[in-house]
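Please open the model in your viewer and keep the sequence panel beside it. The stops below proceed by selection, each with a short account of what is there.

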Amino acid sequence: MSIFRTEKLGLSRSKKWLFQNLNLEIPAGTLVAILGPSGVGKSSLLSCLSGSEKPTEGRIEYCLEANDIRSPKTVRPNLGIIFQHLRLTEHVTVLENVLYGKIAKFGLKQAIFGFPKDECSRAYSILADLGIEHLAYKWTAQTSGGEQQRTAIARTLFQNPQFILADEPVSNLDTYYAGRVMGLLRNLASEENKVIFCALHDPQLISRFADYALSLNPEHPEGWNLRKITP
Amino acid sequence: MISQEKIGSLPTRSWYERLNFLNILLIIFLFLAIFSGKNLVDQNRPADVVSGVKYFIKKFFPPDFSNFQLILQSLNETFQIAIVSTFIAVIFSLVIAVGASRNVSPTWLVQSVRMFLNITRTLPSLIWAFLFVIFFGPTPIAGVCALTFYSLGYLGKFFSESIESMDIKVARGLKLIGASPSQAFIYGLWPNVKAQVWSQSLWMLEYNIRSASIIGLVGAGGIGMELNKAMEMASGFQRVTAILICILFIVILLDFLGQGIRRWITQKVNPKSISD
């Protein structure tokens, strides 16, 4: 069981509210698309949810079990983030970047002796799922933008968290891989009961893969809207 | 309609507008050089270069390699001093550099660490050696301590500049998915700075081998101590030449080696530079 909840969540920047009074209760197995034009506050909302930015008001709760309620900071190993600017370590291999997804599980021993073999093979199979297994031992800095985006997605898939926050995860991908990545996220939500938030622009992707669409409106910070998407 | 001539003519600027700050500095520097040079020549200490060179050739040549074994031993000690001091300095500098980097540490810490680094850099290695010879007596340990402190000042500054040039968001991102601060450093920051750290450490090692041959002059061990002894002996000038030739040979060899190794490491660890 995993439920995500916000209570009266609000964020203001330079005395201007981006959103206010945001009350959400998202059950397990749901993919929520956050939409709206650039600058509307999609990334800010996601950084609030990830704990990297403190909301001006309100609460965020991640429920792992019925009695196990966590804040963005304490939920961390169970929270996967696909950043808009990817944040990959450039001077290590693609495979290593994927392995960093389970960094919380590993100790300092792995820094010296390397990662366990079974974990490496699992990371490799995820790369294969995303069609970049041939890049496993290539330096991340030498791969293209789209390949790096798939590496960042692979890192989160490898982490296998209960909650995923994805900030425009398919912005650098062609239609085929955009669909494939969104399909993977969709399956994760439905089959493994995860809660996924995904900032997206493409209305087609939203209607194909999302359960709910959350739109923000900075003109009316309290006028946010969460609607169910009917296929 | 605007005439062609009006468009074509560039507005002229007055002479003081054309004179920029760097030009003014250059002029001041030129005046200082002329003034200082004239002052030095005017002092009543005529230099007799010809007889000086004659004296040098007569006294210092041919080089006396009779104690080559001893020279090799002292050179070995010089190497050891340089290697040990560079190693200790690299380890400590890495820790200190984190404290001196604005993007990772709080301002109060950055400022106090930088002040410490500035102070260690102010004293030349020979003065550090002199100080430690007073503490420890004329031993190689004094040399190791002197070069360690001297290198700390430089490496701490270099490493912190490297860390500051890195995108700290990568490490912060890792922390957001559960990495501890040390893991965030090791996996998010270190891989990106390590090429620079290797290259700077090797440069410091080269530099320290050169310094280690000098600090013996004040008793801090190594080849410099042999040089000092030979200079104090009435018949030691030819030995001095032999030692200087050995030092020169080692330093040139090291320059070549160091350059090659540094290029190799930078390309190995930082593949971007291959395509650059």
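The expected span of a helix is taken here as 1.5 Å times one less than its number of residues, and helices (H or I, at least four residues) and strands (E, at least two) are DSSP runs numbered from the N terminus. This is a predicted model, in which local features need pLDDT of at least 70 and side-chain atom pairs count only at pLDDT 80 or more, while totals for chains, interfaces and linings use all residues. Residues are numbered from 1 along each chain as its sequence is written, and chains are lettered from A and ligands numbered from 1 in the order in which they are written.

Select first residues 125-136 of chain B, which form helix 7. Its 12 residues reach 16 Å from the first C-alpha to the last, close to the 16 Å expected. Within helix 7 of chain B, Ser125(B), Trp128(B), Ala129(B), Phe132(B) and Val133(B) are buried, a residue being buried if 20 or more other C-beta atoms, placed from the backbone, lie within 10 Å of its own. Because these residues cover an arc of only 135° around the axis, they sit on the same side of helix 7 of chain B; the arc is that of the directions from the helix axis to the C-beta atoms. Add helix 8 (140-164) and helix 10 (181-215) of chain B, which are among what covers those buried residues. Just after helix 7 of chain B comes Gly137(B), with a positive phi near 80°.

Turn next to chain A, which is divided into domain 1 (1-75 + 164-170 + 192-231) and domain 2 (81-161), the bounds coming from an automatic or database domain assignment. The centres of these two domains of chain A, taken over C-alpha atoms, are 26 Å apart. Eight residues of domain 1 of chain A are in contact with seven of domain 2 of chain A, contact meaning that the C-beta atoms of two residues, placed from the backbone, lie within 7 Å. On the domain 1 side, strand 7 of chain A gives the most, with four residues.

Finally, display both chains: their contact takes 25 residues from chain A and 19 residues from chain B. Strand 6 (residues 79-82) of chain A supplies the largest share of the chain A side, three residues. Centre on Ile81(A), which lies in strand 6 of chain A and is buried, with 27 other C-beta atoms within 10 Å. Leaving aside neighbours within four places in sequence, Ile81(A) is in contact with Ser50(A), Leu165(A), Gly173(B), Leu176(B) and Ile177(B).

Technical notes
Buried ≥ 20, exposed ≤ 12 C-beta atoms within 10 Å, placed from the backbone.
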